[in-house]
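Reader: Could you take me through one part of this model at close range? I would like to start with the pocket and then see what lies in the rest of the fold.

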Amino acid sequence: AAPPVPPAETGEQSWAVWRGSDGVRFRLLETDEADLLDAVGDNADFGSLCGLLAIGYGELQAAPRAAGLLRNWVDAGWIVGLT
């Protein structure tokens with residue numbers, strides 16, 4: 001069976017699509033999360049991720065937001081190991 005199709009929306013959006021143990025999954029990404037995933041793809045370190053988030057969240061909230069996103073990615077199976 002084909003996976004469900006994400007709902008149509010207007011405007012630019014970023015989606016994550018991945019294969020989980022229960023089939024194909026997808027979810028809409030918040031703008032900051034999409035930006036951080038792009039940065040991770042460019043080998044950004046945690047400090048750089050926090051710097052990106054500090055612009056919108058402020059210095060005190062940047063690290064907790066980055067850590068929360070990283071935890072979500074680990075829980076979803078997007079990050080399975082570090083080298």
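Author: Happy to; here is the pocket, followed by a buried charged residue and a pair of aromatic rings. Please keep in mind that this is a predicted model.

Let's begin with the open space. The largest pocket holds about 240 Å³. Its lining is made up of 13 residues, and those closest to the centre are Val40, Leu70, Ile79, Gly81 and Leu82. Two elements each give two or more residues to this lining: helix 2 (46-57) and helix 3 (59-76). By character, the lining residues divide into 10 nonpolar, two polar and one charged.

Now to the charged residue I mentioned. Asp32 sits in helix 1, which covers residues 31-41. Its relative accessible area is 13%, so Asp32 counts as buried, the limit being under 20%. What does Asp32 touch, leaving out residues up to four places away in sequence? The answer is Leu53, Tyr57 and Arg65. With Arg65 there is also a polar contact between the side chains, 2.8 Å in length.

Last come the rings. The structure has two aromatic pairs. One of them joins Trp18 and Trp78 edge-to-face, with 4.9 Å from centre to centre and 75° between the planes. This pair links distant parts of the chain, as Trp18 belongs to strand 1 (residues 14-20) and Trp78 to the segment after helix 3, 60 residues apart. Trp18 is buried, at 15% relative accessibility, whereas Trp78 is partly exposed, at 24%.

Technical notes: Residues numbered from 1 in each chain as written. Predicted model: local features only at pLDDT ≥ 70, side-chain atom pairs only at ≥ 80, totals over all residues. Heavy atoms only, no water. 1 Å grid on protein atoms, 1.4 Å probe; cavity = no way out; pocket = protein on both sides within 12 Å on 5 of 7 lines; lining within 4 Å. Points joined across faces, edges and corners; volume = space filled by probe spheres on them. Helix = DSSP H or I, 4+ residues; strand = E, 2+ residues; numbered from the N terminus. Nonpolar A, V, L, I, M, F, W, Y, C, P; charged D, E, K, R; others polar. Buried < 20%, exposed > 50% of the residue type's maximum accessible area, 1.4 Å probe, protein only. Polar contact = N/O pair within 3.5 Å; in protein donor to acceptor, adjacent residues only side chain to side chain. Contact = heavy atoms within 4.5 Å. Phe/Tyr/Trp six-rings, centres within 6.5 Å; stacked < 30°, edge-to-face > 60°.
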